[in-house]
Amino acid sequence: MFIKKIPLLILFLLISAMSISQTTEKTFLYAGRVDILQDNKAVLIGTASSISFNFTGNECTISLQSIDSWEHHNYVVLELDGRYAGKYTVQKGAPQSFPVKVTSNKKVHNLKIYKGTEATMGNVLFVGTTAKLTSITSKKKKKIEFIGDSITSGAANDPSTIPCDQGEYFDHHNGFFAYGPILSRNIDADYLLSSVSGIGIYRNWNDEGPEVPIMPAVYENLYLTKDNSKPKYDFAFQPDIISIAIGTNDFSNGDGTKERLPFNPEKYVSNYVNFIKMLYKHNPNAQLVLTNSPMVNGEKAVIFENCLNKIKAEFDTDKSHRPILIFKFKPMTPSGCSGHPNIEEHKIMAAEYGPFLKKLLNEK
């Protein structure tokens with residue numbers, strides 16, 4: 001058999017290209033709703049979405065940029081070698097460099113960059129790093145997706161940088177310390193947050209009508225908006241559990257100035273049922289858990305629970321999926337900014353909910 005000889009220079013270039021390709025694939029790990037671009041750039045979109053890498057040496061810099069049509073600053077959280085390394089402001093405008101210095105004697109270090117704010121508060125572009133990168137591998141873990149609103153997003157939970165009575169709404173966000181990420185770290189699970197402040201199943205906090213971007217209308221879009229020019233979400237995550245905590249805004253009275261119709265249980269249940277069918281289409285093997293809200297109390301809490309029971313009953317005879325479960329958070333009077341739970345209260349929610357989800361994961 002005749003084998004055509006390949007010139008040594010071409011062969012060397014081919015091998016080099018393969019090596020670079022293989023190295024690049026293992027250089028960065030992405031988690032959450034992230035838009036991966038060319039040249040290792042990536043847009044951090046959803047709450048607590050992240051990019052991580054390993055590096056050698058005692059220091060490096062990372063370059064980040066706050067990007068959106070609504071130009072303003074944004075926030076990231078850094079985790080260095082498994083330890084919380086602070087919340088940082090990413091100013092609007094040109095890319096901004098952030099120095100990272102290491103104090104430990106480890107030969108290889110790990111840096112994780114988390115988006116502190118949520119999808120609708122603008123996006124953070126990872127432009128690059130000066131780090132001396134080494135390969136990184138992901139450990140196979142059980143996976144949980146948390147679908148929800150401002151509570152799930154960790155909105156208004158952190159006034160450590162700017163006090164509650166100052167700044168903008170998003171200045172007090174810290175998705176790293178939302179209950180989902182906290183409990184996921186506690187039980188060693190991977191997580192994805194698909195959450196937006198003010199969002200509901202059939203109406204949002206202060207708006208209702210066919211044009212309102214409710215969760216069923218935005219969930220299939222990567223950027224969690226109704227902007228169809230943006231990429232669709234690929235559903236590659238395939239969670240073992242999907243936790244849904246939506247209803248606080250459907251029950252809300254809004255700001256009191258816009259016309260707000262009474263809560264409609266039938267519409268809430270109908271939209272929720274159709275949303276679950278959408279979730280099953282994309283995640284056929286997931287275990288669904290529906291939760292109440294610690295911020296919905298009194299008569300509304302009773303109506304809320306009745307609605308969840310009706311939604312569950314709609315799928316009780318469906319043998320093609322695991323039975324839907326309901327989890328009830330204890331009532332809470334939140335003490336964070338603008339009437340939201342603070343970080344300590346998110347830790348309480350994580351302590352309540354974590355053992356329940358861990359038991360489910362162990363059963364799967």
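The exercises below, each with a worked solution, deal with the cysteines, pockets, cores and cavity of a predicted model.

**Exercise 1. Find how many disulfides the model has, and state which cysteines are joined and where they sit in the chain.**

Step 1. Apply the cut-off: two cysteine sulfur atoms must lie within 2.5 Å. The count is one disulfide.

Step 2. Identify the pair. Cysteine 164 is joined to cysteine 337, with an S to S distance of 1.9 Å.

Step 3. Place both residues in the chain. Cysteine 164 lies in the loop between helix 2 (150–153) and helix 3 (179–187), while cysteine 337 lies in the loop between strand 16 (325–327) and helix 8 (343–363). The bond links distant parts of the chain, 173 residues apart.

Step 4. Assign the handedness. The torsion about the S-S bond of cysteine 164 and cysteine 337 is about -70°, so this disulfide is left-handed.

**Exercise 2. Sort cysteines 60, 164, 307 and 337 into buried, partly exposed or exposed.**

Step 1. Set the limits: buried means under 20% relative accessible area, and exposed means over 50%.

Step 2. Take the two bonded residues. Cysteine 337 has a relative accessible area of 2% and is therefore buried. Cysteine 164, at 38%, counts as partly exposed.

Step 3. Take the other two. Cysteine 60 is buried because its relative accessible area is 4%. Cysteine 307 is at 3%, so cysteine 307 is buried.

**Exercise 3. Describe the largest pocket and the second largest pocket by volume, lining and residue class.**

Step 1. Start with the largest pocket, which holds about 1100 Å³ of space. It is lined by 36 residues, and Leu29, Tyr30, Ala31, Ser50 and Asp190 are the closest to its centre.

Step 2. List the contributing elements. At least two lining residues each come from strand 1 (29–31), strand 2 (34–36), strand 4 (50–56), strand 9 (108–115), helix 3 and strand 13 (190–195). The classes in this lining are 16 nonpolar, eight polar and twelve charged residues.

Step 3. Turn to the second largest pocket, with a volume of about 500 Å³. Its lining has 30 residues, with Ser197, Gly198, Ile199, Trp205 and Asn249 closest to the centre.

Step 4. Repeat the breakdown. Helix 2 and helix 5 (248–251) each give at least two residues to the lining of the second largest pocket, and helix 5 gives the most, three. By class this lining has twelve nonpolar, 14 polar and four charged residues.

**Exercise 4. Work out which elements build the largest nonpolar core and which residues Ile244 touches.**

Step 1. The largest nonpolar core has 43 residues, and Ile244, Tyr268 and Ile276 have the most contacts inside it.

Step 2. Two or more core residues come from each of helix 4 (215–218), strand 14 (241–245), helix 6 (265–282), strand 15 (287–291) and helix 7 (298–315). Helix 6 supplies the largest share, nine residues.

Step 3. Leaving out residues up to four places away in sequence, Ile244 touches Ile147, Tyr272, Phe275, Ile276, Leu279, Leu288, Val289, Leu290 and Thr291.

Step 4. Another core, of 28 residues, lies apart from the largest one; among its members are Val77, Ala189, Ala245 and Ala350.

**Exercise 5. State how many cavities of 30 Å³ or more the structure holds, and describe the largest cavity.**

Step 1. There is one cavity of 30 Å³ or more. The largest cavity holds about 60 Å³ of space.

Step 2. Its lining consists of 15 residues, with Ile151, Ala245, Thr248, Asn292 and Ser293 nearest the centre.

Step 3. By class, the cavity lining has eight nonpolar, six polar and one charged residues.

Note on methods: Residues numbered from 1 in each chain as written. Predicted model: local features only at pLDDT ≥ 70, side-chain atom pairs only at ≥ 80, totals over all residues. Heavy atoms only, no water. Helix = DSSP H or I, 4+ residues; strand = E, 2+ residues; numbered from the N terminus. Buried < 20%, exposed > 50% of the residue type's maximum accessible area, 1.4 Å probe, protein only. 1 Å grid on protein atoms, 1.4 Å probe; cavity = no way out; pocket = protein on both sides within 12 Å on 5 of 7 lines; lining within 4 Å. Points joined across faces, edges and corners; volume = space filled by probe spheres on them. Nonpolar A, V, L, I, M, F, W, Y, C, P; charged D, E, K, R; others polar. Core = buried A, V, L, I, M, F, W, Y, C linked by side-chain atoms within 4.5 Å. Contact = heavy atoms within 4.5 Å.
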